[in-house]
Amino acid sequence: MSSILRRVWDFTRSSGQATLAMMIVTLVAVTALLAFGAYVADSHLTAFDPLKMNIRARLEPPGLEHWMGSDKIGRDMLSRVIAGSWISLSVSMAVLFVAAIVGTTVGLVAGYVGGIVDEILMRITDLFLAFPALILAAAIAASFGGGMLSTTVALAAVFWPWYARLIRSRILSLKQQDFIAASRCLGASHTRLIFSSLLPMVWPLVIVQATTDVGFVILAASGLSFLGLGAQPPTPEWGAMIFDSLTHQPASWWLAVFPGGAIALVAIGFNLLGDSLRDYLDPSLGASEAGV
């Protein structure tokens, strides 16, 4: 554990961008964990219940009592934004876990085996990539009837092909390296080559890609909720909150600004973290992209 913490600390100090990214991601993660704990304990982190209505306080602007104002049925916006953090983040993590596992497996098998197996797997991958991502996700979510589980399945189906393509191209490159040929000459089995030689070379790529994709997944999940295919009322999901605000714009601006700002903050934080991880784990890649 001390070794892991030391590496995290070294990464945090590696650049100003990494420090800023870790500050944002830590803030988001701690808020999400506390919100989830409050949900499990049937409690809430603020003075207001995120699901409790108060018609007398409907559409109040930000003030001393409601720091982020209240919505059309008097629910406190701050408590709803905080409660929505664990929902948005947990959906994103579930989507990326499934997409990374499926995509890495497909890419690894296609790149390592090659031949007809590679052709079949890549044509299946191309079939998913042939459709616009949000339209395909919306179609899959609608076919499952909407809801957060449908959103998770739909977005995992959209994101895994990118991991398959990424890992396949990396495996095809690694197969030509001398250390793979040397391992084969020494009698290494296919299983040993895959798990001891190839996977350790591609896992940093998967981590960087998944970290960068967190923001995109949250945006996509919010988009599905905005269309009515994701979180269903009264779930305090950020995209659904923006959708509910449409009929009260622009007068009640706070209904969209604060959940939209939360989405933007998470997307920026994880994008910065992904870029910083890429430079930390593979400095040559960052230098090559900068033209050095």
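H248 touches R58, L59, K72 and L255, with residues up to four places away in sequence left out of the count; contact here means heavy atoms within 4.5 Å. This histidine sits in the loop between α9 (238-244) and α10 (254-281), where helices are DSSP runs of H or I with at least four residues, numbered from the N terminus. With a relative accessibility of 19%, H248 counts as buried; the term means under 20% relative accessible area, while exposed means over 50% and partly exposed lies in between (1.4 Å probe, protein chains only).

A word on the model before going on. It is a predicted one, in which local features need pLDDT of at least 70 and side-chain atom pairs count only at pLDDT 80 or more, while totals for chains, interfaces and linings use all residues. Residues are numbered from 1 along each chain as its sequence is written, and side-chain values use heavy atoms, with hydrogens and water left out.

**Helix α9 and the core**

Let us turn to α9. A240 has its place in this helix and is buried, at a relative accessible area of 10%. Outside its neighbours within four places in sequence, A240 is in contact with S225 and A231. From A240 to G223 the C-alpha to C-alpha distance is 8.4 Å, with their positions 17 residues apart in sequence.

W238 has a longer list to look through: leaving aside neighbours within four places in sequence, its contacts are V81, G84, S85, S88, I218, P259, A262, I263 and V266. Together with L155 and L273, W238 touches the most other members of the largest nonpolar core, which has 68 residues. Such a core is a set of buried Ala, Val, Leu, Ile, Met, Phe, Trp, Tyr and Cys residues joined through side-chain atoms within 4.5 Å. Two or more residues each come from α2 (16-40), α3 (77-113), α5, α6, α8, α9 and α10, and α3 gives the largest share, 16 residues.

**Helices α5 and α6**

Helix α5 (residues 133-143) packs with helix α6 (residues 148-174) at about 140 degrees, their axes 8 Å apart. Axes are lines fitted to C-alpha atoms over the stretch in contact, and angles run from 0 to 180 degrees between N-to-C directions. On the α5 side the contact is made by A133, L136, A137, I140 and A141, and on the α6 side by S150, A154, L155, A157 and V158. By class, that gives 9 nonpolar residues, 1 polar and no charged ones.

The buried residues of α5 are L136, A137, A138, I140 and A141, and their cover includes α4, α6 and α8 (190-226). After α5 comes G145, with a positive phi near 90 degrees.

**Aromatic pairs**

A search of the whole structure finds 6 aromatic pairs. Rings of Phe, Tyr and Trp (its six-membered ring) pair if their centres lie within 6.5 Å; planes under 30 degrees apart count as stacked, over 60 as edge-to-face and the rest as tilted. The rings of F128 and W160 are edge-to-face, because their planes stand at 65 degrees with the centres 5.3 Å apart. F128 belongs to helix α4 (residues 115-129) and W160 to helix α6, so the pair ties together parts 32 residues apart in sequence. Elsewhere, F36, Y39 and W86 form one aromatic cluster.

The table sets out burial for some of the residues discussed.

| Residue | Relative accessible area | State |
|---|---|---|
| F128 | 28% | partly exposed |
| W160 | 11% | buried |
| A240 | 10% | buried |
| H248 | 19% | buried |

How values were computed
Nonpolar A, V, L, I, M, F, W, Y, C, P; charged D, E, K, R; others polar.
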